[in-house]
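Subject: Handover of a structure, with notes

Dear colleague,

Please find the structure below, together with its sequence. My notes follow it, and I would be grateful if you read them with the model open.

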Amino acid sequence: MIPVEQQQEPTGTPQVRHTEHEAQADLLTALRLCMTGKLRCSEKTRRPSAATVAAVANALDGGDFYPHEAIAAFAWPMLLQAGGLAQLTGGRLGLTTRGRAALTRPPHLTIPQLWQRWLNNSLLDEFSRVEEIKGQRSANVLTAAKPRRKLVGQALAGITPGEWSSIDGLFTDMRAAGLDPVVHRSERALWKLYLEDPQYGSLGYDGYHGWSLLQGRYTLAVLFEYAATPHRHPVRPPGRRPQ
């Protein structure tokens with residue numbers, strides 16, 4: 001789940017996680033868990049079960065990005081499916097021929113392929129991970145996820161390698177470049193999205209559907225769950241946790 005409300009992190013020095021080696025170790029760990037038949041997903045949604053998420057979280061090198069939040073642990077089973085490394089049979093994930101081959105090749109060769117395949121997948125709309133925003137399943141509310149995702153991918157590709165970039169800076173650059181991953185189909189659709197109460201919490205009201213709440217939350221879901229999880233780049237959580 002990607003929380004909507006901002007929560008202050010404990011005071012102190014921000015933690016810097018150099019995930020280059022973590023991502024490579026986690027890929028192999030996820031593949032081995034598939035090989036043992038320990039990962040289960042819904043046949044309908046292909047999302048990992050709670051027990052699967054817990055199993056992956058316990059095996060991650062360094063743990064998940066934030067305590068008590070399933071981010072990378074949720075993402076790995078989805079990434080393996082999107083990447084063609086695992087397939088769902090009878091509710092269990094099993095390795096494909098490509099997945100078995102990935103166990104024997106350097107992980108850094110597989111990881112970029114996972115990201116490229118994720119950009120083109122139709123398994124999941126990352127906005128659904130912003131669970132506090134209700135009404136997403138109503139008809140004709142959300143735009144197609146793949147075009148939105150590609151805009152985020154384009155924005156991330158434009159970040160200067162080897163330099164820190166703030167979330168606010170990324171948002172500013174995206175808006176300046178016209179990279180606008182709009183999540184709602186129309187102004188009318190906004191009224192069907194809400195927080196807590198469908199009438200009083202509707203996002204259709206003026207001031208309740210700003211860029212950071214909708215496009216920004218979607219971008220963060222892609223960034224933290226599906227870009228940061230497999231990518232070989234340093235990750236520094238901001239002063240406030242992802243929203």
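I begin at glycine 37, which comes just after helix H1 and takes a positive phi of about 75°. Please bear in mind throughout that this is a predicted model.

Helices H1 and H2

Helix H1 covers residues 20-35, 16 residues in total. Its first and last C-alpha atoms lie 23 Å apart, which is close to the 22 Å expected at 1.5 Å a residue. The buried residues of H1 are Glu22, Ala23, Gln24, Asp26, Leu27, Leu28, Ala30, Leu31, Leu33 and Cys34.

Helix H2, residues 50-59, contains valine 53. With a relative accessible area of 13%, valine 53 is buried, as the limit for that class is under 20%. Valine 53 is separated from tryptophan 76 by 23 residues in sequence, and the distance between their C-alpha atoms is 9.0 Å.

The hairpin of E2 and E3

Strand E2 (residues 86-89) and strand E3 (residues 92-95) run antiparallel and are joined by four bridges. Two residues lie between the strands of this hairpin, in which glycine 90 takes a positive phi near 60°. Across the pair, alanine 86 stands opposite leucine 95, and leucine 88 has leucine 93 as its bridge partner.

Each strand has two unlike faces. In E2, Ala86 and Leu88 form the covered face, whereas Gln87 and Thr89 form the uncovered one. In E3, Leu93 and Leu95 point to one face and are buried, while Arg92 and Gly94 point to the other and are not. This agrees with a general pattern: in a regular strand the side chains alternate between the two faces of the sheet.

Helix H6

Helix H6 consists of 13 residues, 145-157. It reaches 18 Å from first C-alpha to last, close to the 18 Å expected at 1.5 Å a residue. Its buried residues are Ala145, Arg148, Arg149, Val152, Gly153, Ala155 and Leu156. Seen down the axis of H6, these buried residues fall within an arc of 160°, so they line one face of the helix. The general background is that an α-helix has 3.6 residues a turn, so residues three or four places apart point the same way. Pro147 and Ala157 are exposed and sit on the face of H6 turned away from the buried side.

Salt bridges

The whole structure contains four salt bridges. In one of them, glutamate 126 pairs with arginine 149, with the closest N and O atoms 2.6 Å apart. Glutamate 126 belongs to the loop between helix H5 (107-119) and strand E4 (133-134), and arginine 149 to helix H6, so this pair ties together parts that are 23 residues apart in sequence. Glutamate 126 is buried, at a relative accessible area of 0%, and arginine 149 counts as buried at 0% as well.

Arg129, Glu131 and Glu225 are linked in a network of salt bridges. Within this network, glutamate 225 meets arginine 129 at 2.9 Å, N to O. Glutamate 225 lies in helix H9 and arginine 129 in the loop between H5 and E4, so the pair ties together parts that are 96 residues apart in sequence. Glutamate 131 also forms a salt bridge with arginine 129, and there the closest N and O atoms are 3.7 Å apart.

How covered are the residues of this network, buried or partly exposed? Arginine 129 is buried, with a relative accessible area of 4%, and glutamate 225 counts as buried at 1%. Glutamate 131, at 32%, counts as partly exposed.

A nonpolar surface patch

Finally, I draw your attention to Trp191, Tyr205 and Tyr208, which form a nonpolar patch on the surface. Together they have about 340 Å² of accessible area. Tyrosine 205 is located in the loop between strand E5 (194-195) and helix H9 (215-227). Its relative accessibility is 32%, and tyrosine 205 therefore counts as partly exposed.

With kind regards

Note on methods:
Residues numbered from 1 in each chain as written. Predicted model: local features only at pLDDT ≥ 70, side-chain atom pairs only at ≥ 80, totals over all residues. Heavy atoms only, no water. Patch = residues over 30% accessible without salt bridge, like charges linked within 9 Å, V, L, I, M, F, W, Y side chains within 5 Å. Areas by Shrake-Rupley, 256 points an atom, 1.4 Å probe, with all protein chains shown as cover. Salt bridge = Lys/Arg side-chain N within 4 Å of Asp/Glu carboxyl O. Buried < 20%, exposed > 50% of the residue type's maximum accessible area, 1.4 Å probe, protein only. Pairing = 2+ DSSP bridges. Expected span 1.5 Å × (residues − 1). Arc of directions from axis to C-beta.
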